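Open the model in your viewer and keep the selection tool at hand. The tour below moves from one selection to the next and says what is there at each stop.

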Amino acid sequence: FRTLDTKPTIADQQDAPLMPPVRGEVSFENVWFEYQEGKPVLRGIDLQVRPGQMIALVGFSGSGKTTMVNLLMRHYDTTGGRIVVDGRDIREVQLLSYREQIGYVIQESILFNTTIRENIRYGKMDATEEQVVAAAKAANLHDTIVALPDSYDTRIGEDGVSLSVGEKQRMAIARALLADPRILILDEATSAVDSQTEALLQEALDRLLAGRTSFVIAH
């Protein structure tokens with residue numbers, strides 16, 4: 001109950017407006033951030049990103065790559081400077097209306113002990129059957145699904161235990177395709193897989209990235 005009763009430190013300003021549909025222009029303006037006072041992780045970051053542009057964040061563990069995208073998603077607020085999307089300071093709009101327009105694909109996707117259909121639909125809870133299937137096809141996952149005895153009604157077990165690593169990653173890509181975000185974050189979204197799976201993943205990622213503002217994190 002202490003956890004459930006915890007008030008989030010990041011909250012909407014009073015009477016904050018909704019974030020309009022995002023085009024995907026992102027600006028980091030002299031951004032500073034520190035987890036511990038007096039120990040900055042980011043120092044004066046300036047970055048201008050055009051709509052549809054891909055930005056690669058490459059560096060050692062602990063260099064601040066994930067911190068940058070956490071700030072973009074407003075999991076934290078900047079210590080100094082600001083982040084602006086389409087000319088709006090992200091601290092001045094309603095959080096949910098902003099985050100709904102961001103897709104986030106990580107290395108270890110969170111999957112649930114329910115059907116494949118429901119796991120994909122988590123990207124857009126009101127998606128139609130046709131939209132779910134189209135997303136699975138675009139993620140190179142449909143043929144694998146229909147080969148299963150229960151097709152889209154197959155239960156995948158806790159954390160997707162019945163799926164391979166590559167299938168889990170393509171499931172996350174299908175979710176993101178279904179959500180159709182204008183800003184996309186890939187945080188170590190690919191890991192060691194065989195060459196055939198890697199080719200399927202790359203095709204799916206190419207479709208997912210097309211036309212979106214994207215931030216791709218890698219070591």
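Across this predicted model, the salt bridges come to a count of 11, and the first stops of the tour visit some of them.

Begin by selecting R23 and E25, whose side chains form a salt bridge with the closest N and O atoms 3.1 Å apart. Of this pair, E25 has a relative accessibility of 32% and therefore counts as partly exposed, since that value falls between the 20% and 50% limits.

Next, select E29 together with R82, where another salt bridge brings the closest N and O atoms to 2.7 Å from each other. If you colour the chain by secondary structure, you will find E29 in strand β1, which covers residues 26–36, and R82 in strand β4, which covers residues 80–85, so that this pair links distant parts of the chain, 53 residues apart. Both ends of the bridge are partly exposed, with a relative accessible area of 28% for E29 and a relative accessibility of 33% for R82.

Now move to R117 and D153, whose side chains meet in a salt bridge with a distance of 2.4 Å from N to O. Because R117 lies in helix α4 (residues 116–121) while D153 lies in the loop between α6 (142–146) and α7 (165–179), the pair ties together parts that are 36 residues apart in sequence. Is each partner buried or exposed, or something in between? R117 is buried, as its relative accessible area of 15% is under the limit of 20%, whereas D153, with a relative accessible area of 42%, is partly exposed.

Keep those two residues selected and add E118, R121 and E129 to them, for R117, E118, R121, E129 and D153 are linked in a network of salt bridges.

Finally, clear the selection and show the whole chain as a cartoon, in which eight helices and eight strands make up the secondary structure. The radius of gyration is 18 Å, close to the 17 Å that the globule rule gives for 219 residues, so the chain is as compact as a globular protein of that length. Along the principal axes, the C-alpha atoms fill a box of roughly 55 × 40 × 35 Å.

With a surface display switched on, the accessible surface comes to about 12100 Å², and carbon and sulfur atoms account for 51% of it. Of the 219 residues in the chain, 44% are buried. As a last selection, show the 23 positive and 31 negative charges, whose mean positions are 2 Å apart.

Note on methods. Residues are numbered from 1 along each chain as its sequence is written. This is a predicted model: local features need pLDDT of at least 70, side-chain atom pairs count only at pLDDT 80 or more; totals for chains, interfaces and linings use all residues. Side-chain values use heavy atoms; hydrogens and water are left out. Helices (H or I, at least four residues) and strands (E, at least two) are DSSP runs, numbered from the N terminus. The radius of gyration is taken over C-alpha atoms; the globule rule is 2.2 Å times the number of residues to the power 0.38. Buried means under 20% relative accessible area, exposed over 50%, partly exposed in between (1.4 Å probe, protein chains only). Accessible areas come from the Shrake-Rupley method with a 1.4 Å probe; for residues, only the protein chains shown count as cover. Lys and Arg count as positive and Asp and Glu as negative; His and the chain ends are not counted. The place of a charge is taken as NZ of Lys, CZ of Arg, CG of Asp or CD of Glu. A salt bridge is a side-chain nitrogen of Lys or Arg within 4 Å of a carboxyl oxygen of Asp or Glu.
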